[in-house]
Amino acid sequence: MKQATERLTVAQATLLYLQQQYVERDGLVQPFFAGCFGIFGHGNVGGIGQALLENPSFKYYQCRNEQAMVHSAIAYAKVKNRLSAFVCTTSIGPGATNMITGAATATINRLPVLLLPGDIFANRSVDPVLQQLESEQSNDVSVNDCFKPVSKYWDRINRPEQLMAALPKALRILTSPAETGAVTLCMPQDVQAEAFDFPASFFAKKIWTVQRPLADRALLKQAAALIAQAKKPIIIAGGGVIYSDASAALKKLVNKTGIPVAETFAGKGSLRYDEPQNLGAVGVTGTPGAIAICEKADVVIGIGTRYSDFTSMSQSAFQHNKVLFININISAFDSHKQGALALVADARETINELSKLVGNYTVPESYAKTVAKYNRSWNKQVQQVYDYRHAPLLSQGEVIGAVNSFAKEKDIVLCAAGSLPGDLHKLWRTADPKGFHLEYGYSCMGYEIAGGLGAKMADPSREVYVMIGDGSYLMMSQEIITSIQEGFKLTIVLLNNHGFASIGGLSTALGSKGFGTHYKYRNAATGQLDGNYLPVDLATNAESYGALVIRINNHDELKAALLQAKKADRTTVIYMNTDREHRVGGFGWWEVPISETSGLSSIQQSLKGLNQNRQKKRRYL
């Protein structure tokens with residue numbers, strides 16, 4: 001019997017297939033793709049562009065920068081717990097390579113996005129085409145090969161038939177919690193427009209089940225036995241807790257056992273900030289309590305964490321001479337880190353199983369009291385920072401406090417780079433699993449505003465507060481226009497400290513005197529960038545995008561501006577100057593190399609401190 005077919009272009013078939021992809025978790029079935037971000041050029045306008053034009057049900061969103069649209073897609077997927085994603089389409093050449101940074105951000109953060117960069121002519125009848133990178137070694141090389149190391153799956157569709165092999169593989173990766181990240185399907189511009197008789201069955205509805213695999217029973221019992229013997233256990237809650245929707249299970253476990261929790265950037269919000277067992281931020285940007293408890297912990301239970309150097313304090317955080325690690329992670333790659341007992345399984349299901357297996361275990365009473373005291377003490381310190389009034393310029397801490405105090409519990413604060421993430425990690429009182437949105441896997445400057453747009457698209461019911469410094473704003477701010485175009489209102493809190501304040505502080509700490517981190521004129525007398533500050537007006541720039549801009553100078557004006565912004569009908573930028581030298585301060589150590597030879601005494605002194613701190617580093621094998 002002859003198989004029924006549909007004659008479609010590769011671009012048309014791609015969109016039709018994607019529209020029929022659904023995911024199911026815990027009985028809830030939903031479409032996987034929410035639409036397509038894109039910027040058109042000669043490499044995709046006649047293919048994917050035409051297909052989108054004739055298929056308006058697959059919604060197209062016009063963006064201003066290719067990297068930014070990937071960031072928007074990432075933030076959307078993060079808020080959706082990886083159960084929904086976007087497609088991003090570009091032309092060939094620079095339009096395509098602009099997405100590489102976004103692809104790396106997605107893959108490092110384990111967040112799904114499907115990239116469809118245009119590519120050179122597959123039939124090679126036009127060679128070289130405009131924006132083609134020529135190779136003397138091969139005609140099968142293009143700039144899109146640069147996506148390979150930052151993609152979880154990569155392919156080039158040189159013939160229409162290949163689509164039927166590539167797309168299912170792409171969806172398997174995208175919908176897998178253990179393997180997800182950026183998937184890149186390079187689309188030669190001639191092949192996009194080429195017609196083919198595809199089997200009609202290729203476009204049938206497909207449901208991808210997001211499974212909750214259970215841990216090996218014997219290993220679970222071993223883990224429970226280790227916990228039952230622990231005197232000073234701690235849980236490191238990573239993003240996997242939130243993606244697995246395991247916050248309620250975690251609360252039940254720690255309330256029952258008294259085991260304290262410290263949260264990574266991705267895991268902040270796993271517990272309410274005021275739970276007695278919540279020590280707050282872990283690692284380099286951690287709270288004093290979290291750092292102290294980690295240092296003496298005898299059993300460390302990592303749930304959904306990658307153990308980045310910011311979490312492990314460059315492998316110096318856990319100093320107990322017999323410390324043991326138990327890792328619960330959907331990814332085998334992450335589960336086996338730190339020489340751990342690896343439970344390769346779903347976070348929520350494993351927490352529930354461990355809660356049963358540990359029986360009536362509780363931490364020693366004195367330990368529980370110490371943890372609760374740290375929780376209360378830190379909340380008092382946070383309040384002191386929030387209540388402080390700095391003059392004549394605002395301090396970053398009081399700005400965070402004003403926004404945190406004004407925002408509702410389910411609102412979202414979003415950030416990515418600079419000095420703000422560390423302060424937010426320590427200070428922000430998170431009461432909802434989705435209330436704290438930090439991209440700190442790649443810590444990509446420029447993510448903030450584009451990411452804010454994606455977060456708002458994922459849940460329009462929440463106010464989204466984008467907190468951003470002038471450095472990140474200058475990297476990428478154009479998606480303010482897209483937010484206005486699409487009616488997704490953001491409140492952008494723009495702090496101007498006239499340079500790269502975070503790296504300036506790090507540079508100073510390393511003895512390098514903040515070199516190259518101030519936005520200043522070149523001084524004719526010294527030849528250095530140490531003249532007067534540049535007369536840049538970021539507020540007027542934001543107004544030129546169509547945003548409502550409120551300029552403020554003090555705390556009272558900031559509170560009034562937040563109220564005005566909430567009532568506004570479009571994206572609002574609250575602009576202020578802040579004192580870059582008034583810092584919240586840190587309590588953890590982070591290894592950053594320091595020059596071993598230097599004529600500067602400040603660098604020589606910093607090197608001594610580095611070598612002392614290196615003595616605390618450990619290998620967990």
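This report walks through a predicted model of a protein, from its overall build to its strands and its empty spaces.

## The whole protein

Let us begin with the big picture. The protein has 24 helices and 23 strands. Its radius of gyration is 25 Å, close to the 25 Å that the globule rule gives for 621 residues, so the protein is as compact as a globular protein of that length. If you follow the C-alpha trace along its principal axes, the protein spans about 75 × 70 × 55 Å. Of the 621 residues, 57% count as buried.

## A small open sheet

Now look at the sheet that contains β2. This open sheet has 3 strands in the order β3-β2-β11, and its pairing is mixed. Which strands lie at the edges? They are β3, covering residues 28-31, and β11, covering residues 206-209, and each of them pairs on one side only. From one strand to the next, the twist averages 30°.

Strand β2, made of residues 21-25, pairs with β3 in the antiparallel sense, over 4 bridges. You can find one of these contacts yourself: Arg25 has Leu28 in β3 as its bridge partner.

## Two covered strands

Next come β6 and β20, taken in turn. Strand β6 runs through residues 85-90, and 6 of its 6 residues are buried. Which residues sit on each face of β6? On one side are Ala85, Val87 and Thr89, on the other are Phe86, Cys88 and Thr90, and all are buried, so to speak, on both covered faces of the strand. 

Strand β6 has pairings with β4 and β7. Strand β4, residues 33-38, pairs with β6 in the parallel sense over 4 bridges. Within that pairing, Phe33 has Ala85 in β6 as its bridge partner. Strand β7, residues 113-119, also pairs with β6 in the parallel sense, over 4 bridges. Here Cys88 stands opposite Leu115 in β7.

Further along the chain is strand β20, residues 464-469. Why can we call β20 largely enclosed by the rest of the structure? The reason is that 6 of its 6 residues are buried. Both of its faces are covered: Val464, Val466 and Ile468 are buried on one side, and Tyr465, Met467 and Gly469 are buried on the other.

Strand β20 has pairings of its own. Strand β18, residues 412-415, is joined to β20 by 3 bridges, and the two run parallel. In this pair, Ile412 stands opposite Val464. With strand β21, residues 491-496, β20 pairs in the parallel sense over 5 bridges. There, Tyr465 has Thr491 in β21 as its bridge partner.

## A buried proline

For a single residue to look up, try Pro421. It is found in helix α17, which covers residues 420-427. Is Pro421 buried or exposed? Its relative accessible area is 0%, so Pro421 is buried, since buried means under 20%. Along the chain, Pro421 and Tyr473 are 52 residues apart, and their C-alpha atoms are separated by 15 Å.

## Empty spaces inside and at the surface

Finally, let us look at the gaps between the atoms. Rolling a probe the size of a water molecule over the atoms shows where empty space is left. How many cavities of 30 Å³ or more does the protein have? The count comes to 5.

The largest cavity holds about 630 Å³ of space. It is lined by 43 residues, and the closest to its centre are Arg82, Gly239, Gly240, Tyr243 and Gly304. Which elements each supply at least two residues of this lining? They are α9 (239-243), α12 (309-312) and β16 (324-329). The largest share, 3 residues, comes from α9.

The second largest pocket has a volume of about 240 Å³. Of the 14 residues that line this pocket, the closest to its centre are Val79, Asn81, Asp245, Lys434 and Arg462.

The table lists the classes of residue found in each lining.

| Space | Nonpolar | Polar | Charged |
|---|---|---|---|
| Largest cavity | 17 residues | 18 residues | 8 residues |
| Second largest pocket | 5 residues | 2 residues | 7 residues |

With the structure in front of you, Arg82 is one of the residues to look for around the largest cavity, and Lys434 is one of those to look for around the second largest pocket.

Terms used
Residues numbered from 1 in each chain as written. Predicted model: local features only at pLDDT ≥ 70, side-chain atom pairs only at ≥ 80, totals over all residues. Heavy atoms only, no water. Pairing = 2+ DSSP bridges. Axes fitted to C-alpha atoms, helices over the stretch in contact; angles between N-to-C directions. Buried < 20%, exposed > 50% of the residue type's maximum accessible area, 1.4 Å probe, protein only. 1 Å grid on protein atoms, 1.4 Å probe; cavity = no way out; pocket = protein on both sides within 12 Å on 5 of 7 lines; lining within 4 Å. Points joined across faces, edges and corners; volume = space filled by probe spheres on them. Nonpolar A, V, L, I, M, F, W, Y, C, P; charged D, E, K, R; others polar. Rg over C-alpha atoms; globule rule 2.2 N^0.38 Å.
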